[in-house]
Amino acid sequence: MTKDLSTWLDTLLDELQGIEVRRKSSRRIRVDVQPDALPALLELLRGRASYVHLSAISCVDWIEENEFELVYHVWSYEIGSLVSAHTRIARDPGVYISVYDIYTPAAFFERDIHEMFGVFFEGSPDMSKFILTEWDGPPPMRKDFDSEAWVNAHFDFQDYQPDWLKEIEAKGGGVAVRPDEQRFSRRDVDAS
Amino acid sequence: MRPENYEAQRQPPSHEYELNIGPNHPGIEGNYAFKLRLHGDRVLEGKADAGYLHRGFEKLMEGRLWIQNLAITPRICVPDPVPMEVSYCLAVEELCGLEIPERAQWLRVLQLELSRIAAHLFTFGGHAATTGMYSPMFWGIADRDLVLDLFEELTGGRVYHIYNIPGGVRRDAPDGFLDRVRSTLDYLDSRLPDYDNLLFTNQVFVHRAKGVGTMSREQALEWGVTGPNLRATGLEFDVRRDDPYLVYDDLDFDIPTEEAGDAWARTLVRRKELVQSIRIARQVIAALPSIAGPIRCPIPNPLAWNVPAGSVYTRVESSKGELAWYVVSNGGERPYRTHVRGPSQMHAVQVLEKLSVGCRLEDVAQTMFSLDACPPEVDR
Amino acid sequence: MRDIDYKDKGGILNPLKSLSFFGRSSVTVPLEPRAASANYRGFHLNDWEACIGCSTCQKVCDNAAITMVSIPDLPQDPAKGIRNLRPAIDYGRCCWCALCVDLCPTGSISLSREYVHTCLDSELDSYFVLPDSNGIHGTPYPKGWAKSEDADLVALERARMEELPPPERIGNFNEIVAGYDANQAIIEASRCVQCGMCFDACPTHMNAPEYIRAIWKGDLEQAVREIYRTNPFAHTCGRVCTHRCEDACSVGHRGTPIAIRWLKRYAMDAVDHERVKRIAAEGKARFLSGKRVAVVGAGPAGLTAAFDLIKQGYEVTVFEARPKAGGMVRYGIPDYRLPQDRIDRDVDVIASLGVKIRYGTQVGTDITMAELERDYDAVILTIGLWMGRSTRIPGSDHPRVKRAVTLLRDVAEKVKVSVPASAIVIGGGNVAMDVARTIARLQKQTYGQVKVTVTALEDLEHFLADPEEIKEAREEGVEILPARGPQEILFKPRKYEVDKIHGLRTWRVLSIFDAQGRFAPRHDEADEQIHEGEMVVEAIGQAAEVEVLGEELTERLDWNRGRLEIDDQGRTNLSWLWAAGDMVRGPDVVSAVADGHRVALSINGVLSIREDAA
């Protein structure tokens with residue numbers, strides 16, 4: 001049964017036009033596919049090759065290429081392998097088709113991606129806000145949203161004046177390097 | 001939503017009413033709201049409302065060095081932090097092509113199973129409390145603390161261990177640690193009859209839990225349910241066995257299942273998993289002394305560590321189900337994108353909404369706990 | 001291990017079994033905090049004696065919880081890599097991940113087993129703590145998570161450098177050190193924690209953290225750019241620099257310092273020479289100031305000053321007595337340490353900017369200082385230290401007793417140098433090692449075997465030469481005798497036309513300096529040795545050949561104990577004359593480069609002000 005299914009999968013992937021298949025390991029397959037062919041691929045994977053479990057939909061903002069990459073991770077309980085189907089859509093207008101009719105869990109992921117990246121999924125059951133209910137700024141997971149700058153603009157560092165610091169300042173010492181001057185997790189550590 | 005922003009909608013006269021459970025409610029695991037529309041005590045509609053725990057971890061991780069993100073990962077799921085650490089490390093290791101020393105792999109398995117035990121004890125307690133039984137909750141949390149003692153000794157932290165690191169683990173087990181793990185496991189084992197008496201064979205609890213929040217196997221698969229919740233519908237699937245990582249291939253354990261698919265079945269699956277986790281942990285204790293060698297492979301200076309470009313999807317079995325990280329590197333010293341797929345993203349939102357329809361008000365909290373919903377996984 | 005059979009055993013009475021718990025004693029927990037585990041990650045401890053203020057903890061802190069505070073009472077020593085900074089922790093931000101502990105180069109930071117702190121809103125300042133070894137509340141708690149081999153994230157070991165083994169290097173002047181390949185260089189560069197101690201310690205303050213990071217990123221042109229910002233003798237310093245940066249390197253406190261010198265060498269060798277020239281020319285002034293500057297001596301100090309001044313639009317002419325430029329680095333450093341083609345490249349980069357070098361022009365004979373004073377707006381004296389000092393022991397004035405600089409220069413100029421089968425070198429510095437190892441190579445080529453004896457006043461602990469020089473010299477068959485004071489050069493009985501050296505008589509040295517610190521060696525005359533050798537080379541120091549200045553100029557200048565008197569900008573008491581390099585600073589390449597920059601800056605300041613006034 002399992003063997004038949006994996007043969008099915010191979011034939012299926014061979015049949016489809018315009019997709020690129022890479023086997024990364026025995027249980028991981030990467031497929032790159034054009035956006036218009038992706039729903040059909042998922043339909044086939046689910047319907048004919050037993051990939052019934054949509055593990056996740058991941059979105060990546062490739063801002064320099066002006067594209068969003070959508071990755072659909074689907075798992076077959078019977079074959080025991082995970083197919084990651086990658087597709088890229090234009091960042092503007094950032095509209096794509098929902099796969100809710102194929103995979104019910106897509107509703108959550110699509111809503112999440114809509115909220116965090118601003119990608120609109122046509123046909124998804126609910127595109128209303130979920131996590132960021134009271135947020136009216138840009139979709140925050142987009143690369144052009146600088147969360148650290150936003151935080152710095154809205155919040156202050158706690159201003160401490162402990163006695164030990166006053167004593168050191170009286171002797172001519174004091175704060176020499178503030179945390180944000182040297183921190184490696186700041187964004188532009190090498191831009192100087 | 002902040003309370004001051006909530007505006008009650010004027011409704012025409014009816015028997016229907018709205019009720020908000022949470023975001024601060026003893027029946028909710030963490031800050032999470034569940035908005036109900038009821039007719040009498042029957043739920044007509046349930047709507048999950050997340051966001052109270054949103055800390056923007058995925059965004060935060062894009063701005064930090066690969067190794068600095070270790071401090072963030074355990075915070076994504078407080079009751080069961082180890083799978084988060086381990087799966088993130090597995091992702092970085094796969095991108096870098098690092099070979100993890102065997103000893104580190106066994107130490108990771110030990111942590112993972114201890115973490116599963118702690119998380120299940122927590123959930124039992126919570127589930128019992130939602131049915132009005134508080135003793136199992138006190139017991140569960142007290143016994144979980146013993147596991148946290150072990151974590152404190154091994155990792156230096158009780159809840160946020162930050163103990164795994166790409167390439168292995170940060171410290172070797174201290175002298176005599178394995179003996180103390182063994183005695184704690186023996187103690188937990190000896191406690192099981194107490195739990196059984198008070199909870200699992202207690203007919204009050206059994207009757208409360210049976211038939212609540214029932215889903216069929218077809219529904220579970222349709223809705224993307226994983227982990228103990230899926231196994232409670234009779235599907236024998238476990239990432240540890242069917243998509244193995246670390247040394248789970250070398251370990252001997254069973255995958256407990258139940259058929260009923262209700263709150264009772266889900267709790268029983270966890271109860272049986274506790275036994276399996278103790279079994280795995282005992283195998284690790286037996287094997288570890290004979291596995292010498294380093295606990296970490298050489299890794300670059302954290303301040304100068306570029307991870308090769310690529311993307312990877314690593315999954316592990318957490319106490320709540322399938323936990324996965326999608327990690328993308330563009331060859332830089334920070335992740336380009338990290339996406340965490342917490343199991344609760346399914347069963348704390350869509351599944352909970354579906355299962356709550358038609359159930360009685362007093363069972364809503366129980367349904368949520370029996371699903372082991374973990375709001376921070378949804379919010380991230 | 002038990003599993004339940006709930007279907008059979010379930011019953012309404014089961015929970016009643018738990019009533020037995022009433023018979024058990026209740027769990028009580030003492031009020032005081034429970035003792036934490038040995039590994040606990042509690043509040044910070046910092047051993048101020050061990051902490052060097054490198055601020056690596058601050059760099060790796062993911063929560064921006066660490067502020068570096070300068071404390072005036074603490075020692076500060078750039079040469080040793082010690083700053084008076086100490087980390088202060090903001091416990092409103094710290095997440096106790098202990099990366100600061102694991103990446104601390106010295107291991108001074110640790111986390112204690114103390115974990116309770118609370119306060120009123122009005123006492124929030126107590127969350128900002130300057131940890132020392134007493135802990136947050138001044139009550140000592142034992143260490144929790146501390147530096148361990150398991151958890152150390154500092155890469156202590158240096159990337160391996162390929163070297164010629166002694167048998168392969170002794171018969172020739174081939175360069176010994178192979179240099180890093182790209183992979184080794186990236187690994188070595190990745191060890192750097194970017195603390196900048198090297199920058200502070202370097203005489204010319206090279207941007208080492210920046211070029212190391214550029215090398216790690218694979219951007220070698222950027223690395224070359226950073227190098228040329230402060231050092232036009234890049235190839236030379238990449239090979240023979242005294243690398244004070246490495247002495248100060250914070251990784252060196254527990255491990256091997258970053259091979260900063262070899263990384264510089266790698267970047268310079270890896271980038272195409274023509275490209276280096278274009279990078280070096282970046283920022284060159286597009287106008288000419290119309291001012292002319294003369295430099296006497298084309299060594300590192302003179303050419304560095306020329307490099308700076310030509311970039312600022314001056315017309316610079318360098319007068320060099322020898323046929324090639326480079327000064328002591330060309331004529332004083334053997335090829336196995338610094339191949340001549342590398343000096344050619346450094347000189348070529350500087351010359352390509354438009355610096356005119358007039359070779360074979362000896363100031364004092366071919367052109368006088370008076371002419372330079374007349375024809376140029378400013379003159380820089382960088383004549384180096386070319387006169388070998390003598391021990392002045394009996395026999396040392398004999399023509400067969402050589403001076404180190406003369407011998408090295410002859411070898412560098414490929415003059416036929418004949419060495420006898422056995423030789424003695426007097427001196428214990430790096431020059432003595434250079435001489436001994438050069439003679440060893442020549443002996444190996446001529447006779448097939450080595451017999452060189454080095455006698456030094458110092459004992460081994462106080463040797464002036466670098467330890468690796470001593471090690472390599474010994475590997476090559478050089479015999480090194482510490483604590484021997486030379487007394488007399490012995491000659492063979494006079495049966496030949498010319499005197500033949502027979503050897504050197506020495507006494508054991510008891511002490512070198514007297515109580516006032518003056519040079520006054522005391523000897524144990526009973527411990528006398530005769531070292532056989534047909535040649536004696538004195539390598540005990542050099543002096544400047546100031547005769548080139550001419551009598552009249554020497555009269556006008558201020559002198560201090562035989563050295564030219566200059567101010568801190570390198571300017572003499574004459575408004576048109578500056579001096580720099582070994583002649584005023586003592587022998588060291590990178591200090592000479594730093595000196596070159598200093599006088600160029602001073603000259604630019606003076607000449608541009610004059611222009612404003614005019």
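**View 1. C:Asn231 sits in the loop between α8 (220–230) and α9 (234–240) of chain C.** This is a predicted model, here and in every view below. C:Asn231 counts as buried, at 0% relative accessibility. Its side chain offers a polar atom 2.8 Å from the backbone nitrogen of C:Phe233. Beyond its neighbours within four places in sequence, C:Asn231 is in contact with C:Thr204, C:Met206 and C:Cys237. C:Val590, C:Val593 and C:His597 complete that list of contacts.

**View 2. Two residues of chain C other than glycine have positive phi: C:Ser55 and C:Ala64.** Phi of C:Ser55 is about 65°. C:Ser55 lies in the loop between β1 (44–46) and α2 (56–60) of chain C. Is C:Ser55 buried or exposed? C:Ser55 has a relative accessible area of 2%, so it counts as buried. For C:Ala64, phi is near 55°. The loop between α2 and β2 (66–70) of chain C holds C:Ala64. C:Ala64 is buried too, with a relative accessible area of 2%.

**View 3. Helix α19 (residues 467–475) of chain C has buried residues.** These are C:Glu469, C:Ile470, C:Glu472 and C:Ala473. Two of the names are glutamates, C:Glu469 and C:Glu472. What do the buried residues of α19(C) pack against? Their partners in chain C are α4 (166–169), α18 (430–447) and β14 (478–481). After α19(C) comes C:Gly477, with a positive phi near 95°.

**View 4. A cis peptide bond joins A:Asp92 and A:Pro93.** Omega for this bond is about 10°. A:Pro93 belongs to the loop between β5 and β6 (95–97) of chain A.

**View 5. The largest nonpolar core holds 298 residues.** Which residues touch the most other members of the core? They are A:Tyr51, A:Tyr72 and C:Ile215. Helix α3 (residues 102–130) of chain B gives the most to this core, with 12 residues. Around C:Ile215, the residues touched include C:Ala185, C:Ile186, C:Ala189 and C:Leu220. C:Ala223, C:Leu263, C:Tyr266 and C:Ala267 are also touched by C:Ile215. Residues up to four places away in sequence are not counted there. A second core of 24 residues is separate. Among its members are C:Val379, C:Leu574, C:Met583 and C:Val584.

**View 6. Chain A and chain B meet through 51 residues from chain A and 52 residues from chain B.** The size of an interface is often given as the accessible area lost when the parts come together. Chain A and chain B bury about 4,100 Å² between them. Carbon and sulfur atoms account for 52% of that area. Five salt bridges are counted between the two chains. One salt bridge pairs the side chains of B:Asp243 and A:Arg28, at 3.0 Å from N to O. Across this interface, 20 residue pairs are in polar contact, both residues at pLDDT 80 or more. On the chain A side, β2 (28–32), β3 (53–62), β4 (67–76), β5 (81–90) and α3 (106–117) each supply at least two residues. Which element gives the largest share? β3(A) does, with 10 residues. The side of chain A that touches chain B has 27 nonpolar, nine polar and 15 charged residues.

**View 7. Chain B and chain C meet through 53 residues from chain B and 47 residues from chain C.** The area buried between them is about 4,200 Å². Carbon and sulfur atoms give 53% of it. Which residues of chain B lose the most area to chain C? They are B:Arg170, B:Arg171 and B:Leu303, together 18% of what that side buries. Five salt bridges are found across the interface of chain B and chain C. In one salt bridge, the side chain of B:Arg170 meets that of C:Asp102, 2.8 Å from N to O. The interface also has 24 residue pairs in polar contact, both residues at pLDDT 80 or more. In chain B, α4 (135–155), α5 (177–200), α6 (203–209) and α10 (263–287) give two or more residues to the side that touches chain C. α5(B) gives the most to that side, with 10 residues. By class, the side of chain B that touches chain C has 21 nonpolar, 12 polar and 20 charged residues.

Conventions: Residues are numbered from 1 along each chain as its sequence is written. Chains are lettered from A and ligands numbered from 1 in the order in which they are written. This is a predicted model: local features need pLDDT of at least 70, side-chain atom pairs count only at pLDDT 80 or more; totals for chains, interfaces and linings use all residues. Side-chain values use heavy atoms; hydrogens and water are left out. Contact means heavy atoms within 4.5 Å. Buried area is the accessible area (1.4 Å probe) that two parts lose on being put together, summed over both. A salt bridge is a side-chain nitrogen of Lys or Arg within 4 Å of a carboxyl oxygen of Asp or Glu. A polar contact is a pair of N or O atoms within 3.5 Å; within protein, one must be able to donate a hydrogen and the other to accept it, and residues adjacent in sequence count only if both atoms are side-chain atoms. Helices (H or I, at least four residues) and strands (E, at least two) are DSSP runs, numbered from the N terminus. Ala, Val, Leu, Ile, Met, Phe, Trp, Tyr, Cys and Pro count as nonpolar, Asp, Glu, Lys and Arg as charged, and the others, Gly among them, as polar. A nonpolar core is a set of buried Ala, Val, Leu, Ile, Met, Phe, Trp, Tyr and Cys residues joined through side-chain atoms within 4.5 Å. Buried means under 20% relative accessible area, exposed over 50%, partly exposed in between (1.4 Å probe, protein chains only).
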